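I opened the structure with a short list of things to look up: loops with unusual backbone geometry, then sheets, then helix packing. My notes follow in the order in which I worked.

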Amino acid sequence: MTAQGGHIHLIIGAGITAAAFLDRLHLTAGDTLIVLAPDPLSLGRGAAYAAGQPGTPWRYSYLLNSPADDIDPAFAEWLVQNWDYVTERMADRTPNWLAAAQSLVEAGDVYGVNAPREFYGDFMVEQTQERIAGLRAQGVSVLPKVGIATTIASDGDDLVVTLQSGETLDVHSVDVAPGGPSNLRIHGDDGPYSAPALFGYEERIAEHIQNGAEIFCIGGNAAMLDTLRLCQSYLPNDALRFVACAPDGEVPPPLIPRLPRKLTRPTFSTGHETAESFLTEAAAAIAKAKSEGDEMREIRAGFRAFFLEHPLSEFVTNPEEAKRIPATFRFWLRGGTRDTILDMRTLVAKGQVQMMTGSVTNIRHSATSALVEIQDSTGGKTEHSTGFVVNCAGAGPGSEFDPLTTNMLANGHLHRCPISKGLKVGTALKTALPNVRFLSPAVTVIGDEVMAMPLYDAHMLRTYVERSSCVSL
Ligand SMILES: Cc1cc2nc3c(=O)[nH]c(=O)nc-3n(C[C@H](O)[C@H](O)[C@H](O)COP(=O)(O)OP(=O)(O)OC[C@H]3O[C@@H](n4cnc5c(N)ncnc54)[C@H](O)[C@@H]3O)c2cc1C
């Protein structure tokens, strides 16, 4: 495809970051927008808010990890306006999401529900399609393009984007929003009694759930909670056998909204020379908030709001030290879906769900089951025999990026931060290629600023796109 006159802008990706780039585009009549992704017509959904498979028990099982108004107040209002559509789809489902949401609905707080993620995808697609219709009405050509980008090269005033198919696109500017890295792989995680991930492997896992096998989940994060929901969609709670194994061995705290909504308002002193000194003060701020009765939702949302207004550089003088902070905040401020975590606590108390502490290092398969090797923090090893293993470990050493991010890193268009282990982009999300911006949840450094809170949060991603768009390319 070659430029035909007018400015040609390319968005790579179809998740919420790509949608945020779309929202901030300034194109006029005669210009062209190309959206390149495996599923460009679902722009706004991406990996997290994908449409489920019709007819499966687990459709609509996966929930947003925070209350609807935390992810986007406009989505919370959409839920209110579309409540009949939502209740119709959620009727007679197991787990009974409507019953879990009932107390909030009765309190007039639909904004506080943990909505099924697919509904957020529905909302996002509605928004992006409206925006695209608006661009078309202004005379901008909008072209969805199915494919995966592998490289971007600068060629005079143009950029040449190569696709996995070998096709090339000549464009003038590009926003790259390819999502985060893959699950880290663990030896033996793709065998007769294991799956390397939850998403895309549901049918295979479901066979074992239905046979009554114990399901062993590697990791204690959001995908682990989704795996429990998958199990619950097939079996009643009293028939479940589920193990989650994570280095901290703890059920994450639930993010519970209260009325009236409240945000913790931390304060920090300036001039910290080390990460340790700043984190000591942050730990005290979190402990103080808890002692005053603040819930994790309030602390997490409060810290997020605070650091969007006050960059870490205001408090930590050494940027290299600042880079040590996001991983710790990620751990301290972790939290998850209220509905699933409350169920999980009950199931732990009944002995049907077991939390194990340690890191899985290997999975062996016998004729009928899997044997999981687990290492504790002192290096001690144990083994656990189980029915089926699901790898929900999340990103880690050995995780892979999509082909374009991998290529941009190899060519020095993007960089890795050796301390925070995330990606570094320039001011206003610029890359080393002219007129190419990049943002993904894996970014930890933007220009001179270290992100205090990881960008694995829709609101943060949108905010940084918005800020970058105030600066021209
Ligand atoms: C399962 C899951 C649940 C989550 N739940 C929540 C939640 O409840 N609340 C919350 O705030 N956050 C949640 N998150 C965090 C989530 O990462 C962000 O909220 C957000 O969805 C990230 O959006 P994104 O557009 O940056 O990436 P993605 O949604 O991953 O989208 C990336 C897009 O780029 C495409 N792509 C990738 N590489 C290429 C390429 N080379 N060429 C072309 N296209 C490419 C992909 O196909 C995809 O369309 C969740 C994440 C996951 C994975």
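**Loops and unusual backbone geometry**

I began with Pro260, which I located in the loop between β10 and α9. The peptide bond that joins Leu259 to Pro260 is cis, and I read an omega of about -10 degrees for it. I kept in mind that the model is a predicted one.

I then looked up a second cis peptide bond, the one between Thr94 and Pro95, where omega is about -5 degrees. Pro95 sits in the loop that runs between α4 (83–90) and α5 (97–106).

Turning from omega to phi, I noted Ala428, which has a positive phi of about 55 degrees although it is not a glycine. I placed Ala428 in the loop between β17 and β18 (436–438). I wrote these three sites down because most residues other than glycine have a negative phi, and most peptide bonds are trans.

**Domains**

I looked up the domain assignment next, and it divides the chain into domain 1 (8–46 + 120–181 + 401–468), domain 2 (76–114), domain 3 (194–254 + 335–391) and domain 4 (275–332). For domain 3 and domain 4 I also noted the separation of their centres, which is 30 Å when taken over C-alpha atoms.

**The parallel sheet**

Which strands make up the five-stranded open sheet, and in what order? I found the order β8-β15-β9-β10-β11, with parallel pairing. The edges are formed by β8 (194–195) and β11 (353–357), each of which pairs on one side only.

At the β11 edge I followed the pairing with β10 (residues 242–246), which is parallel and extends over five bridges. Within that pairing, Cys245 has Met356 of β11 as its bridge partner.

I then checked what lies over the sheet and found helix α7 (residues 202–210) across β8, β9 (215–218) and β15 (388–391), with a direction at about 145 degrees to β15.

**The mixed sheet**

The four-stranded sheet is also listed as open, with the order β16-β17-β19-β20, and its pairing is mixed. Its edge strands are β16 (415–416) and β20 (449–450), each pairing on one side only.

I traced both senses of pairing through β19. Strand β17 (residues 423–425) runs parallel to β19 (residues 443–446) and is joined to it by three bridges, and in this pairing Leu423 stands opposite Val443. On the β20 side, β19 pairs in the antiparallel sense over two bridges, with Val450 in β20 as the bridge partner of Val445.

The hairpin of β19 and β20 has two residues between the strands, and there I noted that Gly447 takes a positive phi near 60 degrees.

**Helix packing: α9 with α12**

How do α9 and α12 cross, and at what angle? The axes of helix α9 (residues 275–291) and helix α12 (residues 325–332) come within 11 Å and cross at roughly 20 degrees. This angle makes α9 roughly parallel to α12, since angles under 35 degrees count as roughly parallel. I recorded the crossing as right-handed.

On the α9 side the contact is made by Ala275, Phe278, Leu279 and Ile286, and on the α12 side by Ile325, Thr328 and Trp332. By class, I entered six nonpolar residues, one polar residue and no charged residues for this contact.

**Helix packing: α1 with α6**

The last pair I looked up was helix α1 (residues 16–23) and helix α6 (residues 117–137), which pack at an angle of about 30 degrees with their axes 10 Å apart. That angle makes α1 roughly parallel to α6. Here I recorded a left-handed crossing.

Ile16, Ala19, Leu22 and Asp23 of α1 make the contact with Met124, Gln127, Thr128 and Arg131 of α6. I sorted the residues of this contact into four nonpolar, two polar and two charged.

How values were computed:
Residues numbered from 1 in each chain as written. Predicted model: local features only at pLDDT ≥ 70, side-chain atom pairs only at ≥ 80, totals over all residues. Domains from an automatic or database assignment. Pairing = 2+ DSSP bridges. Axes fitted to C-alpha atoms, helices over the stretch in contact; angles between N-to-C directions. Parallel < 35°, antiparallel > 145°, perpendicular 65-115°, else oblique. Left-handed = near helix turned anticlockwise from the far one by under 90°. Contact = placed C-beta atoms within 7 Å. Nonpolar A, V, L, I, M, F, W, Y, C, P; charged D, E, K, R; others polar.
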